[in-house]
Amino acid sequence: MLLFRTLAIISASGVAIAFALALAVAPVQAQTEAHSELHSTYIDRAGAILGHALTSDTAYETLGELCDQFGHRLSGTPELEDAIDWCAERMREFGLQNVHKEKVLVPTWVRGEESASIVVPRHHELTILGLGRSVGTPTNGIEAPVVVVDSYEELEAIGETAVLGKIVLYDVPFTSYGETVAYRSRGASEAAKLGAVAVLVRSVGPKGHDTPHTGALRYAEDVPQIPAAAVTVEDAERLHRMVDRGTEVVVRLLMDAQTLDDSVSYNLVGEVVGSELPDEIVVVGGHIDSWDVGQGAQDDGAGCIISLDAARIIQHLGLAPRRTLRVVLFTNEENGLRGGEAYLAAHEDELDNHVALIESDTGNGLASGFRLDVREAAVPEDAEDPEAALEELKQVALANLNQLASLLAPLGANQNILAYGGADISPMVKLGAVGLGMHHDTTGYWPIHHTPADTFDRIVKDDLDRNVAIMAIAAYVLADMPGRLIPRAR
Ligand SMILES: [Zn+2]
């Protein structure tokens, strides 16, 4: 019956046929007994999921409507709450069970009016985006000479004499997000320690098209809070060149940004309840909030819809996983991580029942596999050598995860690595749960990340459908297979 249905669906699309055939004859490389067993157990069901995902318009249409109907979804806005309610309706429509919202108090940061310009040696308007959580400037703005550094080392080296009363520009070229983002998050406080009056940060991303990238900063305690804004890569380089030539450059910055009282928001939860082990849980999710520019299409509307549609397909095909598949759309990842923290607070008693938490939060590029995230807390307390035990645990988890990789090989998604899983799941992962980050190709992601250009038109439907299939197959097998990735720690 299942096979018949699969073939009927697959025949609707030549692409699906090609993939299904590739799946059926996927070369089996150096495999363990268990590997082949898992492969043969799930090959038909994986084919059914793939066939459905590649011939359905639901994910693409749902994401399009989310983006166009609500637009960006910053914490504290009615757009975010309306989008959460709309997703709850979709969950019910898709047949998920136990659909409910879990209350979260979230920071409410309001950008307000903002502008910046070079005023000396001659007028030039700068395109900026204030950094999330930044304080505003006085009503009349801040006007000060600019000093440029390309690292914290250089800032330290030039010291207070050069920085006092100035606007510091960090012109730090993008290497990796993890590395470069340190200047956006800590730059304001590091400069304020030396008496800077404001900070400009070169946008954290590769060179784009004169587009500023916003993102959150974090003020250090006991340091004056000074305003901070992102400038475009082009403007950062221009300012840097001018200052290097010995030109005195004065910039005027105006920001109305302010932080209001916390608002009420919600994590949204819906389930495909397990048929045999309903108390054991595989979470799939992304964050439903976004920055207040663009449409939050790739960050992280895509991750939410990939997760939601994966559950829809599993439900629709009647696959009835043995464990519970739980979709969580987290709130407030961008400027607080309160959603991830609230999920931990609400579900800590279930921590050991979480077989894995899978997050998709690096856009919609085609995934090449998963980033497996296992931390110290997963090691049993009585381990003699916790460090060695952690290494061993990671390898065990990776080997177990790789057992299902051959099912994803036709999609090119069989490359699992050990790395950071994702922000929303990190509070649970830090306490010992296994995290999996969907490892998307980020070539097209970082150029539009946190910018007005994160819009639905850049969503490639083929990639979205394949990512849905990858998420659904991985989540389903993890929720259904005989063992767990790692044994319970406690
Ligand atoms: Zn994100």
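Start with the largest nonpolar core of this predicted model: among its 135 residues, Ala472 and Ala475 touch the most other members. Helix 14 (residues 461–480) gives the largest share of the core, 13 residues. Domain 1 (2–107 + 263–480) and domain 2 (112–256) both supply residues to this core, so it lies between them.

**Around helix 14**

- Take alanine 472 and set aside its neighbours within four places in sequence: the residues in contact with alanine 472 are then Ile49, Ala53, Ala310, Ile313 and Ile314.
- Asparagine 467 also sits in helix 14.
- Is asparagine 467 buried or exposed? Asparagine 467 is buried, with 30 other C-beta atoms within 10 Å, and the cut-off for being buried is 20 or more.
- Not counting residues up to four places away in sequence, asparagine 467 touches Ile306, Asn364, Leu366, Ala367 and Met438.
- Glutamate 89 is 378 residues from asparagine 467 along the chain, and 23 Å separates their C-alpha atoms.

**The two domains**

- The protein chain splits into domain 1 (2–107 + 263–480) and domain 2 (112–256).
- Measure from C-alpha centre to C-alpha centre and the two domains, domain 1 and domain 2, come out 36 Å apart.
- On the contact side, 11 residues of domain 1 meet 13 residues of domain 2.

**The sheet with strand 16**

- Here eight strands make an open sheet with mixed pairing, and their order is 1-10-12-11-13-16-14-15.
- Which strands are at the edges? Strand 1 (97–110) and strand 15 (417–418) are the edge strands, and each pairs on one side only.
- Helix 10 (residues 338–347) packs on this sheet, where it touches strand 1, strand 10 (258–272), strand 11 (277–287) and strand 12 (323–330). The direction of helix 10 makes about 135° with that of strand 1.
- Strand 1 and strand 10 run antiparallel, joined by 11 bridges. In this pairing, histidine 100 is opposite valine 269 of strand 10.
- Strand 10 is joined to strand 12 by five bridges, and these two also run antiparallel. Glycine 270 faces valine 327 of strand 12 there.

**A closer look at strand 16**

- Strand 16 (residues 435–440) has six of its six residues buried, so it is largely enclosed by the rest of the structure.
- In a regular strand, side chains alternate between the two faces of the sheet.
- Both faces of strand 16 are covered: one side has the buried residues Gly435, Gly437 and His439, and the other has Leu436, Met438 and His440, buried as well.
- Three bridges pair strand 16 with strand 13 (residues 354–359) in the parallel sense. Glutamate 359 is the residue opposite glycine 437 of strand 16.
- Strand 14 (residues 367–373) pairs with strand 16 in the antiparallel sense, over five bridges. Leucine 372 has leucine 436 of strand 16 as its bridge partner, and phenylalanine 370 stands opposite methionine 438 of strand 16.

**The sheet with strands 3 to 8**

- There is another open sheet of eight strands, in the order 3-2-9-5-6-7-8-4, with mixed pairing.
- Strand 3 (124–126) and strand 4 (128–130) each have a single partner strand at the edges, so one side of each is left without a neighbour in the sheet.
- On average, and ignoring direction, neighbouring strands of this sheet are turned by 30° against each other.
- Strand 6 (residues 167–170) and strand 7 (residues 198–202) run parallel and share four bridges. Valine 168 is placed opposite valine 199 of strand 7.
- Helix 6 packs on the sheet and touches strand 5 (142–149) and strand 6, with its direction at about 150° to that of strand 5.
- Helix 8 (residues 233–244) packs on the sheet too, touching strand 3, strand 5, strand 6, strand 7 and strand 8 (228–231). The direction of helix 8 makes about 85° with that of strand 5.

**Helix 6 and what follows**

- How many Å does helix 6 (residues 152–163) span between its end C-alpha atoms? Helix 6 spans only 13 Å, while a straight helix of 12 residues would span 16 Å at 1.5 Å a residue.
- Glycine 165, just after helix 6, takes a positive phi of about 80°.

Notes. Residues numbered from 1 in each chain as written. Predicted model: local features only at pLDDT ≥ 70, side-chain atom pairs only at ≥ 80, totals over all residues. Expected span 1.5 Å × (residues − 1). Core = buried A, V, L, I, M, F, W, Y, C linked by C-beta atoms within 7 Å. Buried ≥ 20, exposed ≤ 12 C-beta atoms within 10 Å, placed from the backbone. Domains from an automatic or database assignment. Contact = placed C-beta atoms within 7 Å. Pairing = 2+ DSSP bridges. Axes fitted to C-alpha atoms, helices over the stretch in contact; angles between N-to-C directions.
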